[in-house]
Amino acid sequence: MDSTAHNPPDARYRHSSKAFARARGLMPGGVSSPVRAYKSVGRDPIVIRRGKGARVTDIDGNDYIDYVLSYGPLILGHVPEPVQAALTKAVAHGTSFGMPTEAESVLAEMVREAVPSIQLVRFVNSGTEATMSAIRLARAATKRAKIIKFTGCYHGHSDSLLVEAGSGATTLGVPSSPGVPASITSNTLLAPYNDLAAVEQLMKTQGAEIAAILIEPIAGNMGCVPPKPGYLQGLRTLCDKHGVLLIFDEVMTGFRVAWGGAQSIYGVEPDLTCLGKVIGGGVPCAAYGGREDLMRQMAPDGPVYQAGTLSGNPLAMAAGMAMLEALRDGTAYAKLEKASADLESGLKRAADRAGVPLFATRVGSMYCPFFHPGPVENYEQALKSDTKAFTAFFGSMLDQGVVLPPSQYETWFLSTEHDANCIEQTITAAERAFVAAAKVAKKK
Ligand code: KE4
């Protein structure tokens, strides 16, 4: 049994620690997804009883302002009324049929309205399924095997995509997990994010073998790292020149940074788009879609196989429709922009006062404070962040009732329920937390 994780010996977390010890005896790491185990912040995780609006309550009765928000889906906060009502209604008619429902067409029409590059869409149950399927389609459509992904970008845990850069400057992906055969990852090429020349070089030498580029148009899994001006357009141009498909993984950015996702902000149209998180509003739902000539190759119209027992299930469709309906008029994004900008400026002031180097990035309600003098434009730079300072900051914020994603390399999320009071409380807590971080921060 893993006993390395420890909360401070504090009665405040007594029930969480007890529950987590029980979970560790039943599930690997005591969790259903690794990041939740708080390994990188060296504490036992809090165990949640419920969420409401911008806040969650743990089983010890402690309340927290929540910037995890299930790693993105909960843009309307916990248990938003429209989603709750839609799920209550849907569940009374059945949870799954294994037969078509009209709800799938309704949500598909909403997705097409929001993201015009998606002419046809297929619903799946996770972002992993969405990206895995999009890659398979790209390989079938181009009859090429190689793909380009970017160091620091995460696209779920399918074999082809669990890849890190090989040693030195090599671009051949090596598996980042045991159990992934090198024979599979040898088709995955890597380039640094925001480095167009590196992609140009791969295209020059291997372009005829490359099926697709898969990218997070705003990176959210190395912390939040926006694309440099012209970068996405540059990828589009290179793809067109070499007959390579451009796939935007908008699982995190879709319906998060704008109604039309990152592609609507940067004005670059991919051939395929992957969606997830917000589209299901916290219920398992994801999707991939794009050009009709490509998507028609998916079974049963075409030969490329992909399937799923619960794909497009009525509960996911109901939650998705309610979420998108609530976002459609755009007012949520204006509210999120104001709260996120206030948070960003308040935290920067607090860090400066404490003398902690902070390079914060933000696109809409995706935010990341790097404990780093800056700039951070790629994974290699992000990795130079002061994770000891981050860990001290994280623990102090948690003890003051603000729960953050437990890693320097995750993005913070806000919801429409993060009101001025939440932002003010967060900044006040951060003033103390940055002082705690300053005590352990790398000296300049
Ligand atoms: P899921 O299979 O977890 O639904 O989606 C994978 C995925 C795909 N693409 C992007 C851009 C993603 O951010 C994700 C999943 N994101 C992580 C957060 N960094 C999920 C949290 C977790 O792994 O528990």
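Here a visitor and a guide talk through how some features of this predicted model get their names.

Visitor: What makes α2 roughly antiparallel to α10?

Guide: The axes of α2 (residues 81-91) and α10 (residues 314-327) cross at roughly 150 degrees. Angles over 145 count as roughly antiparallel, and therefore α2 is described that way relative to α10. The two axes come within 8 Å, and α2 passes α10 in a right-handed crossing.

Visitor: Which residues make the contact of α2 with α10?

Guide: From α2 come Pro82, Val83, Ala86, Leu87, Ala90 and Val91. From α10 come Pro314, Leu315, Ala318, Ala319, Ala322 and Met323.

Visitor: How do you know whether the residues of that contact are nonpolar, polar or charged?

Guide: Ala, Val, Leu, Met and Pro are among the residue types that count as nonpolar. The contact residues divide into twelve nonpolar, no polar and no charged.

Visitor: Let's turn to the sheet. Why do β4 and β8 stand at the edges?

Guide: The seven strands form an open sheet in the order β4-β12-β11-β10-β9-β5-β8, with mixed pairing. β4 (120-124) and β8 (188-191) each have a single partner strand, so one side of each is left without a neighbour in the sheet. From one strand to the next, the twist averages 20 degrees.

Visitor: How do you know that β10 and β11 are paired?

Guide: A pair needs at least two bridges. Four bridges join β10 (residues 245-250) to β11 (residues 272-275), so the criterion is met. These strands run parallel, and Phe248 has Thr273 in β11 as its bridge partner.

Visitor: And what lies across β5, β8 and β9?

Guide: That is helix α6 (residues 196-206), which runs at about 145 degrees to β8. The strands β5 and β9 cover 146-150 and 210-215.

Visitor: What makes β13 and β14 a pair, and in which sense do they pair?

Guide: Again, at least two bridges are required. β13 (residues 359-363) and β14 (residues 366-370) have five, so they pair, in the antiparallel sense. Ala360 stands opposite Pro369 in β14. The two strands form a hairpin with two residues between them, and Gly364 in the turn has a positive phi of about 60 degrees.

Visitor: How is the chain divided into domains?

Guide: Domain 1 takes 11-78 + 330-443, and domain 2 takes 81-327. Their C-alpha centres lie 26 Å apart.

Visitor: How many residues does the contact take from each domain?

Guide: It takes 28 residues from domain 1 and 31 residues from domain 2.

Methods. Residues numbered from 1 in each chain as written. Predicted model: local features only at pLDDT ≥ 70, side-chain atom pairs only at ≥ 80, totals over all residues. Heavy atoms only, no water. Axes fitted to C-alpha atoms, helices over the stretch in contact; angles between N-to-C directions. Contact = heavy atoms within 4.5 Å. Parallel < 35°, antiparallel > 145°, perpendicular 65-115°, else oblique. Left-handed = near helix turned anticlockwise from the far one by under 90°. Domains from an automatic or database assignment.
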